[in-house]
Amino acid sequence: MAQRTFSIIKPDAVSKGHAGAILAEIEKAGFKLVSIRKQTISKQQAQGFYHVHAARPFFNDLCEFMSSGPIFLMVLEKENAIADLRKLMGATNPANAEEGTIRKMFAESIQANAIHGSDAEDTAAFEIAYWFAGYELL
Ligand code: ADP
Ligand code: MG
């Protein structure tokens with residue numbers, strides 16, 4: 001059964017002009033683009049989105065970074081979308097990312113790592129509802 005996941009093309013990749021290439025990798029891997037929106041988010045919006053990381057030492061820097069320029073917010077759909085997108089993304093630290101993954105190809109650092117993807121069904125549901133209204137997901 002088709003599953004939905006939430007993804008972001010992060011500010012580093014957008015500012016370097018990699019959004020189109022990343023979207024192409026996502027579509028090549030069989031994901032359907034349910035919804036996409038370019039937006040510059042506020043630091044407060046980033047803090048709410050990343051609330052599970054609030055206690056981590058990198059939280060403040062991460063929220064500054066995510067609100068530093070335009071990003072693409074996306075809802076993607078395919079069978080096994082959540083796990084398959086995580087695989088396509090590669091490791092959080094691009095130094096550990098496998099060949100052929102989006103982070104290997106486009107990420108510059110453990111923070112500026114090109115792409116976000118939900119890590120489980122419950123976080124995907126929260127993240128989709130955080131950024132998109134029901135009528136945008138038909
Ligand atoms: P992922 O995005 O792979 O699910 P996490 O959920 O652990 O990774 O972390 C969320 C985001 O926080 C990462 O994608 C990255 O941008 C940033 N981040 C994670 N760990 C660090 C770190 N040690 N230093 C700086 N930024 C980090
Ligand atoms: Mg995560």
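In the predicted model, threonine 92 is found in the loop that connects α5 with α6. With a relative accessible area of 41%, Thr92 is partly exposed, since its value falls between the limits of 20% and 50% that separate buried from exposed residues. Beyond its neighbours within four places in sequence, Thr92 is in contact with Arg103, Ser109, Ile110 and Asn113. Two of these partners, Arg103 and Asn113, are listed together with Thr92 under the UniProt annotation "binding site", which comes from an unreviewed entry and also covers Lys10, Phe58 and Arg86. The lining of the largest pocket takes in Lys10, Phe58, Arg86, Thr92, Arg103 and Asn113 from this set.

The largest pocket has a volume of about 560 Å³, and 23 residues line it, of which Tyr50, His53, Phe58, Leu62 and Thr92 are the closest to its centre. Divided by character, the lining consists of eight nonpolar, nine polar and six charged residues. Helix α5 (81–89), strand β4 and helix α7 (121–131) each contribute at least two residues to this lining, and the largest share, three residues, is that of α7.

The same loop that holds Thr92 also contains glycine 90, the residue that follows α5 and has a positive phi near 90°. Unlike the partly exposed Thr92, Gly90 counts as buried, because its relative accessible area of 15% lies under the 20% cut-off. When neighbours within four places in sequence are left aside, Gly90 is in contact with Ala97, Thr101 and Arg103. The C-alpha atoms of Gly90 and Ile8, which are 82 residues apart along the chain, are separated by 14 Å.

Helix α5 itself has the buried residues Ala81, Ile82, Asp84, Leu85, Leu88 and Met89. The elements that cover these residues include β1 (2–9), α2 (19–28), β3 (71–79), α6, β4 and α7. Arginine 86, which also lies in α5, is partly exposed at 34% relative accessibility. Apart from residues up to four places away in sequence, Arg86 touches Gly117, Ser118 and Asp119.

Strand β4, which spans residues 115–117, includes histidine 116, the residue that UniProt lists for "active site" in an unreviewed entry. His116 is buried, with a relative accessible area of 10%. Its contacts, not counting residues up to four places away in sequence, are Phe6, Ser7, Ile8, Lys10, Phe49, Tyr50, Leu85, Met89 and Glu127. Isoleucine 115, likewise placed in β4, is buried with a relative accessible area of 0%. With residues up to four places away in sequence again set aside, Ile115 touches Ser7, Ile8, Lys10, Ile22, Ile26, Leu85, Met89, Ile102 and Arg103. Leu85 and Met89, which are among the buried residues of α5, thus appear among the contacts of His116 and among those of Ile115. The C-alpha atoms of Ile115 and Thr92, 23 residues apart along the chain, are separated by 9.2 Å.

Phe49 and Tyr50, both contacts of His116, belong to a cluster in which ring pairs link Phe6, Phe49, Tyr50, Phe126, Tyr130, Trp131 and Phe132. The count of aromatic pairs comes to seven. In one of them, the ring centres of Phe49 and Trp131 are 5.8 Å apart and the ring planes stand at 55°, so the pair is tilted. This pair links distant parts of the chain, since Phe49 lies in helix α3 (residues 43–49) and Trp131 in helix α7, 82 residues apart. Both Phe49 and Trp131 are buried.

At the level of the whole annotation, UniProt places the feature "domain: Nucleoside diphosphate kinase-like", from an unreviewed entry, at residues 2–138. The span is 40% helix and 20% strand, and its end C-alpha atoms lie 14 Å apart.

Methods. Residues are numbered from 1 along each chain as its sequence is written. Chains are lettered from A and ligands numbered from 1 in the order in which they are written. This is a predicted model: local features need pLDDT of at least 70, side-chain atom pairs count only at pLDDT 80 or more; totals for chains, interfaces and linings use all residues. Side-chain values use heavy atoms; hydrogens and water are left out. UniProt positions are given in the numbering used here, feature names are shortened, and annotations may be inferred rather than shown by experiment. Helices (H or I, at least four residues) and strands (E, at least two) are DSSP runs, numbered from the N terminus. Buried means under 20% relative accessible area, exposed over 50%, partly exposed in between (1.4 Å probe, protein chains only). Contact means heavy atoms within 4.5 Å. On a 1 Å grid over the protein atoms alone, a cavity is a set of points where a 1.4 Å probe fits but cannot get out, and a pocket is an open set with protein on both sides within 12 Å along at least five of seven lines; lining residues have an atom within 4 Å of a point. Grid points are joined across faces, edges and corners, and a volume is the space filled by probe spheres set on the points. Ala, Val, Leu, Ile, Met, Phe, Trp, Tyr, Cys and Pro count as nonpolar, Asp, Glu, Lys and Arg as charged, and the others, Gly among them, as polar. Rings of Phe, Tyr and Trp (its six-membered ring) pair if their centres lie within 6.5 Å; planes under 30 degrees apart count as stacked, over 60 as edge-to-face and the rest as tilted.
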